[in-house]
Amino acid sequence: MALARTPRAKWIEQGLRTLADGGPEAVRIEAIAQALGVTKGGFYGYFENRGALLEEMLDSWELGSTEELIQRVESEGGDAATKLRRLITIVASADRLTSEVTVDLAIRDWARRDPAVADRLRRVDNRRMAYLRELFSAFCPDPADVETRSLLVYSTYIGSHLIAADHGSYTRSEVLKHTRTWLLTPPGDSRRG
């Protein structure tokens, strides 16, 4: 009886997990094969070399954490504020490996040392910011307000995981909920406070 090959997607997923845990230097064929419980021979049925795997990992991250995420938010409809709430909820839940902030942070760190990864990261950041601008501009008439809100939402997604501060009598979850409410309340609305 022939053994089933480990699917290509599993190699990519494990590569992203390995990247998140140890950076690009940790993404080695032998280590990924061991984590998958297979031999490295199956790797070469899908990828020419380690560089090809790294490229496909970046493709998977970009598609899953940007375009597929935007399509998911858009497919469920609603006004811009509803879409923003949905986007924030999905990203906060990290229900897909490619949307986990640990992968995003690992790619950001990698981009500091690799110009090609830096270019890719810039493209992803620009696409994500463009989508946030599109949504905020639906209820914020001031372009400076749109840019500020977009940057604050995006910075909160990236940066809140790096901040170890206490929040007095509030939990981190409560502060993030208040932040979301504040950012998604239209200018001039009495709920903004």
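**Exercise 1. Fold and overall dimensions**

How many helices and how many strands are there in the chain?

*Solution.* Start with the basis of the model: it is predicted, so local features need pLDDT of at least 70 and side-chain atom pairs count only at pLDDT 80 or more, whereas totals for chains, interfaces and linings use all residues. Residues are numbered from 1 along each chain as its sequence is written, and side-chain values use heavy atoms, with hydrogens and water left out. Next, assign the elements as DSSP runs numbered from the N terminus, a helix being H or I over at least four residues and a strand being E over at least two. The chain then has 8 helices and 0 strands, in the sequence order α-α-α-α-α-α-α-α. Finally, along the principal axes, the C-alpha atoms fill a box of roughly 65 × 35 × 35 Å.

**Exercise 2. Annotated spans**

Describe the backbone of the spans that UniProt annotates as "domain: HTH tetR-type" and "DNA-binding region".

*Solution.* Both annotations come from an unreviewed entry, the first covering residues 5-65 and the second residues 28-47; such annotations may be inferred rather than shown by experiment, feature names are shortened, and positions are given in the numbering used here. For residues 5-65, the model gives 64% helix and 0% strand, with the end C-alpha atoms 27 Å apart. For residues 28-47, the helix content is 40% and the strand content 0%, with 13 Å between the end C-alpha atoms.

**Exercise 3. Burial of single residues**

Classify Pro7, Met129 and Thr185 by accessibility, and place each in the chain.

*Solution.* The classes are buried (under 20% relative accessible area), exposed (over 50%) and partly exposed (in between), computed with a 1.4 Å probe on protein chains only.

- Pro7, in the segment before α1 (8-22), is partly exposed because its relative accessibility is 42%; its C-alpha atom is 18 Å from that of Leu58, 51 residues away along the chain.
- Met129, in helix α6, is buried because its relative accessibility is 8%; its C-alpha atom is 8.6 Å from that of Glu147, 18 residues away along the chain.
- Thr185, in the segment after α8, is buried because its relative accessible area is 5%; its side chain reaches the backbone oxygen of Thr181 at 2.6 Å.

Over the whole chain, buried residues make up 40% of the 193 residues.

**Exercise 4. The largest nonpolar core**

Which residues have the most contacts inside the largest nonpolar core, and which helix gives the largest share?

*Solution.* A nonpolar core is a set of buried Ala, Val, Leu, Ile, Met, Phe, Trp, Tyr and Cys residues joined through side-chain atoms within 4.5 Å. The largest one has 25 residues, and Leu84, Leu87, Leu132, Phe136 and Phe139 have the most contacts inside it. At least two residues of this core come from each of α3, α4, α6, α7 and α8, and α4 supplies the largest share, 7 residues.

**Exercise 5. The largest pocket**

Which residues lie nearest the centre of the largest pocket, and how does its lining divide by residue type?

*Solution.* On a 1 Å grid over the protein atoms alone, a pocket is an open set of points where a 1.4 Å probe fits, with protein on both sides within 12 Å along at least five of seven lines, and lining residues have an atom within 4 Å of a point. Of the 27 lining residues, Ile88, Val91, Ala92, Val153 and Tyr157 lie nearest the centre. The elements giving two or more lining residues are α3 (50-75), α4 (80-93), α6 (115-136), α7 (143-159) and α8 (172-184), and α8 gives the most, with 7 residues. For the division by type, Ala, Val, Leu, Ile, Met, Phe, Trp, Tyr, Cys and Pro count as nonpolar, Asp, Glu, Lys and Arg as charged, and the others, Gly among them, as polar. The lining then has 15 nonpolar, 8 polar and 4 charged residues.

Key: A polar contact is a pair of N or O atoms within 3.5 Å; within protein, one must be able to donate a hydrogen and the other to accept it, and residues adjacent in sequence count only if both atoms are side-chain atoms.
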